[in-house]
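Q: Hey, can you walk me through some of the packing in this one? Pull it up first and we'll go from there.

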Amino acid sequence: CSKPRPASSSTCWNSSRHDDGLAMLEELAGLGFEHVELGHGIRFSLWPGILKGVEKGVAKIVSLHNFCPLPMGFTRPNPNCYEFSDYRSNVRKRAIRCTKETIQHAAELEANRVVLHLGSTGQPRRSSVLESEVGRGNFGSRRFVKQKLLAIAEHEARHQRTWNRVKAALEDIVPFAQEHGVRLGCECREEIEEFPMESRFREILGQFPGETLGYWHDFGHAARKEALGFVDHLKHFKSYADHLVGCHVHDFKYPNRDHRPLGAGIIDFPAFWEVLPTAIIPTLELSPRLSVEQVESCLKWWKQNGPDQN
């Protein structure tokens with residue numbers, strides 16, 4: 001009988017409820033998580049307790065989500081507070097500096113993976129309009145198609161300018177990560193306004209060493225994109241399996257509800273497990289709105305339906 005592969009838990013589920021990083025890690029360990037991702041909501045006040053928890057062996061930190069800890073002046077999760085794509089050079093410099101600090105923290109904690117958001121194009125927001133149309137049963141309507149085509153055209157018109165900024169940032173960050181033995185995973189995003197489009201990942205990843213820069217798959221985000229007809233979720237996952245650095249696992253309900261409990265949505269996870277690389281420890285990225293009982297149910301689901309450990 002094969003054993004289920006272990007899962008990591010993102011602290012996005014419980015970091016906001018704790019003032020002590022040790023207690024935060026102990027809660028996750030008490031539920032059965034041996035591996036933890038430090039999410040992008042980690043405040044500086046939690047850091048001493050996290051270091052204590054790692055020293056005591058409460059949990060193994062396997063990844064950090066940029067920015068971690070939160071940059072000074074921010075007290076709530078805000079992974080897009082600074083973007084590599086920002087038109088302001090001083091903001092881009094802050095994004096690079098804070099990312100390097102996250103990489104350093106990852107290296108110090110012997111966590112060899114960091115999740116990155118690459119930015120946004122600055123185009124008019126249309127994702128919420130599209131999701132609203134889907135929610136009303138109007139997928140494929142004239143209004144839906146018009147808004148979708150506009151969103152794609154606007155993204156493409158801004159792609160090169162955005163990529164120039166993002167590439168310059170990565171040219172600074174990737175060698176730094178390589179020196180520290182940390183792999184970077186570019187995460188797929190949930191909105192068309194964010195960068196890049198799924199079809200562009202190969203072009204972007206091809207510019208940098210694959211052992212340092214790869215792809216981070218977010219199941220809920222990709223499901224949201226699929227619900228709008230932007231991507232074939234399973235096909236996309238299969239095409240980037242060889243580039244996979246890690247993945248965030250959470251379920252999805254129409255039209256835009258991600259970070260749902262596992263098994264409570266529409267994602268056919270077992271179809272994805274067939275091509276999930278054996279070295280990947282998936283991270284459950286569950287909503288902080290979920291109760292302890294719901295997280296326990298997710299773990300039970302995982303033991304029954306998660307990928308096997310080879």
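A: Sure, one term first: a crossing is right-handed if the near helix is turned clockwise from the far one by less than a right angle, and left-handed if anticlockwise. Also, keep in mind that this is a predicted model.

Q: Ok, so which way does α3 pass α5, right-handed or left-handed?

A: The crossing of α3 past α5 is right-handed.

Q: And at what angle do the axes of α3 and α5 cross?

A: Roughly 25°, with the axes coming within 10 Å. Here α3 is residues 89-108 and α5 is residues 142-179. Angles under 35 degrees count as roughly parallel, so α3 and α5 are roughly parallel to each other.

Q: Which residues make the contact?

A: From α3 you have R92, I96, T99, K100, I103 and Q104. On the α5 side, R165, A169, D172, I173, F176 and A177 make the contact. By class, that contact has 6 nonpolar, 4 charged and 2 polar residues.

Q: Switching topic: how many aromatic pairs are there in the whole structure?

A: A search turns up 16. One of them is F139 with F144, a tilted pair at 4.9 Å centre to centre and 45° between the planes.

Q: What about F219 and F272, how are those rings arranged?

A: Their planes are at 80°, so the pair is edge-to-face, with the centres 5.1 Å apart. F219 sits in helix α7 and F272 in helix α9, 53 residues apart, so to speak linking distant parts of the chain.

Q: Are F219 and F272 buried or exposed?

A: F219 is buried at 0% relative accessible area, and F272 is buried at 4%.

Q: Which residues are in the ring cluster?

A: Ring pairs link F219, F237, F269, F272, W273, W301 and W302.

Methods. Residues numbered from 1 in each chain as written. Predicted model: local features only at pLDDT ≥ 70, side-chain atom pairs only at ≥ 80, totals over all residues. Heavy atoms only, no water. Axes fitted to C-alpha atoms, helices over the stretch in contact; angles between N-to-C directions. Helix = DSSP H or I, 4+ residues; strand = E, 2+ residues; numbered from the N terminus. Parallel < 35°, antiparallel > 145°, perpendicular 65-115°, else oblique. Contact = heavy atoms within 4.5 Å. Nonpolar A, V, L, I, M, F, W, Y, C, P; charged D, E, K, R; others polar. Phe/Tyr/Trp six-rings, centres within 6.5 Å; stacked < 30°, edge-to-face > 60°. Buried < 20%, exposed > 50% of the residue type's maximum accessible area, 1.4 Å probe, protein only.
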